[in-house]
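Student: Please put the structure up, and then we can go through some questions on it.

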Amino acid sequence: MDNIKEELRQHILEEFLPGEKPSNLKDDTPLRTSGILDSVATLKLVTFVEEHYGIEVEAHEAGVENFDSIDGIASFVKSKKA
Amino acid sequence: MSVSHLAGYLEASASRFPDRLAVADPDGTVLTYREIDERASRIAGFLADRGVRRGDRIGLALPKTTAALTAVFGVLKAGAAYVPVDWTGPAARIGTIFADCQVRAVFADCRRAELAAGAGTAILLGADVSSGTDAFPWETVLEHAPLEQPAPDRHPDDLAYILYTSGSTGVPKGVTLTHRNAISFVDWCSSAFTPSEHDRFSSHAPFHFDLSILDIYLPLKHGGALYLIPEELGKKPRDLAHFIAGHRLTVWYSTPAILGLLGEFGDLDRFDYSSLRTVLFAGEVFPVKQLRRVVKHWPHPDYFNLYGPTETNVCTFARIPTPIPEDRSEPYPIGWPCSHCAALVLDGDQAVEAGSEGLLYISGPSVFSGYWGRPEESAAAFMDRDGARWYNTGDVVKQSGCDGFLYVGRRDRMIKRRGYRIELGEIESCLYKHAAITGAAVIALPHPEAGMRVVAYLAGPEDSRPSIVELKVFCNQNLPAYMNPDVFVFLDALPRTSTNKVNYQELTRKFAAGATP
């Protein structure tokens, strides 16, 4: 689980927050509602999650319920892989 | 059939095709031509009762639903002009817009009721509001008696709508369009795309975006069906792919950005798109690689590249021959002027020869009359020549052989991103509002996938610099999402030229040299 969170943090920092310190992107930092991820960025992140973790994300699963924080995405990935 | 007022399109179709489907929501709400026309007349009656008169402006801060479309026609029937805004956008920016054009009434979603607070009359959708002195629930408005006949005087030069675009000084500016402007464009669309009552159109663009003019008025003029795509669905390529196939849409119109996402993320092969006959795109350059991907999935429709700023709506167009050759990488031209427009390419005062670059000027009945309340900027946008009034698009084009004009770029600081116009100066003005920022310079660089990448260079005291996460959030609260920069970089000081202006060239070089993330 912690591994997933670190991988997600690193990916989000590289792709969408270049130059940001890892400590500023917390597990519970809102990603969608804060404007860090816009709709296109979210699609890209969903594709990354699908490819990296070998899971399929249905369109209705890609909303703020699962994709608004590193915590949320990590739990979602874990439940999908379980 | 010829009408001189946009409401006339709906009224004529309501008498020709009263029981045909006019508009549908994804949630299943549908309205026939008779129903939407009757409801719009009731809204117009309500507005007239509230003192709304010909030429008044009415704000629309609504999600894209059949109700919002009905409100558009209610406003037009009342002789007023609608001012659509992104109902999810920053309240301060929307407040500035509504104050700028002094709206008499605002239709707002109840979740953003505060957006209607300053107007004399607020109509709230989706709420259990009880009628107050100035606030009315949508249902009450629909129960009002229809506008008395004969309707108020109508003139083709009446204002129909104001579309606000990014302003370089940080304040959005309102492009004012008349019925004549819109109708000359819609009538051209009729001749170019030959729609009929059997067509089923997409409506992907939000109403505050000028692509919506074709979406709304072309189907309703011809008695076709309009399938509204609200913001949330519009951003989900897989659901959108299902939507297009499921409703057997025949005409699609959007920015290249969303078509590109459909091609990349839509899993288009899952469905049958044999009904789709025409694909239109406009708003920015379509990267050929992405266009090729779409054409491979949808080989049979006719593809058209439409070009035109909000001030003129579409003024040049090109049919794209398919299939797209594998070895082609240069973007397609924007083509030749539409039949209702004339074009001129000038370098200074001189018309340029084929093959040379120049600024594109447009004249014709679709060209706007001016920016709301900005006489100087309006005057500066036009040039008189050969007895005609020409709008300077600010776009640099090149005439390329028999293909028409090729888009080259801009000489100012306006960019296009996902089809939206952005004045980089508006982003800078926003960043300057942050207490810890003493310098802000924003540049944009072409990016093979993202189209344009927006980079904000900032200066400010080292001990109080906000984090990038904080900057993202700050911009999100003050700017539309499409203006939020991709990259933020703090410098000790912004580079300056010898005349002490921000040295944007130096910043562009800095970024290209990879000195920054």
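The questions below go from the chain contact to single residues.

Tutor: This is a predicted model, in which local features need pLDDT of at least 70, side-chain atom pairs count only at pLDDT 80 or more, and totals for chains, interfaces and linings use all residues. Residues are numbered from 1 along each chain as its sequence is written, and chains are lettered from A and ligands numbered from 1 in the order in which they are written.

Student: How many residues does the contact take from chain A and from chain B?

Tutor: Two residues are in contact if their C-beta atoms, placed from the backbone, lie within 7 Å. Counted over the two chains, the contact takes 17 residues from chain A and 20 residues from chain B.

Student: What should helix α2 of chain A span, at 1.5 Å a residue?

Tutor: Helices are DSSP runs (H or I, at least four residues), as strands are (E, at least two), numbered from the N terminus. The expected span is 1.5 Å times one less than the number of residues. Helix α2 has 15 residues (39-53) and its end C-alpha atoms are 21 Å apart, which agrees with the expected 21 Å.

Student: Which elements are among those that cover the buried residues of α2(A)?

Tutor: A residue is buried if 20 or more other C-beta atoms lie within 10 Å of its own, exposed if 12 or fewer, and partly exposed in between, with C-beta atoms placed from the backbone. In α2(A) the buried residues are A:Val40, A:Ala41, A:Thr42, A:Leu45, A:Val46 and A:Val49. Their cover includes α1 (2-16), α3 (64-67) and α4 (70-81) of chain A, together with α10 (256-265) of chain B.

Student: Which residue follows α2(A), and what is the sign of its phi?

Tutor: The helix ends at residue 53. Next comes A:Gly54, and its phi, near 60 degrees, is positive.

Student: Why is B:Met452 classed as partly exposed?

Tutor: B:Met452 lies in strand β27 (residues 451-459) of chain B. Leaving aside neighbours within four places in sequence, its contacts are B:Ile415, B:Arg417, B:Ala444, B:Pro446 and B:His447. Because 16 other C-beta atoms lie within 10 Å, B:Met452 is partly exposed.

Student: What C-alpha to C-alpha separation do B:Ala192 and B:Phe317 have in space?

Tutor: B:Ala192 sits in helix α6 (residues 179-193) of chain B and is partly exposed, with 17 other C-beta atoms within 10 Å. B:Ala192 and B:Phe317 are 125 residues apart in sequence, and their C-alpha separation is 9.8 Å.
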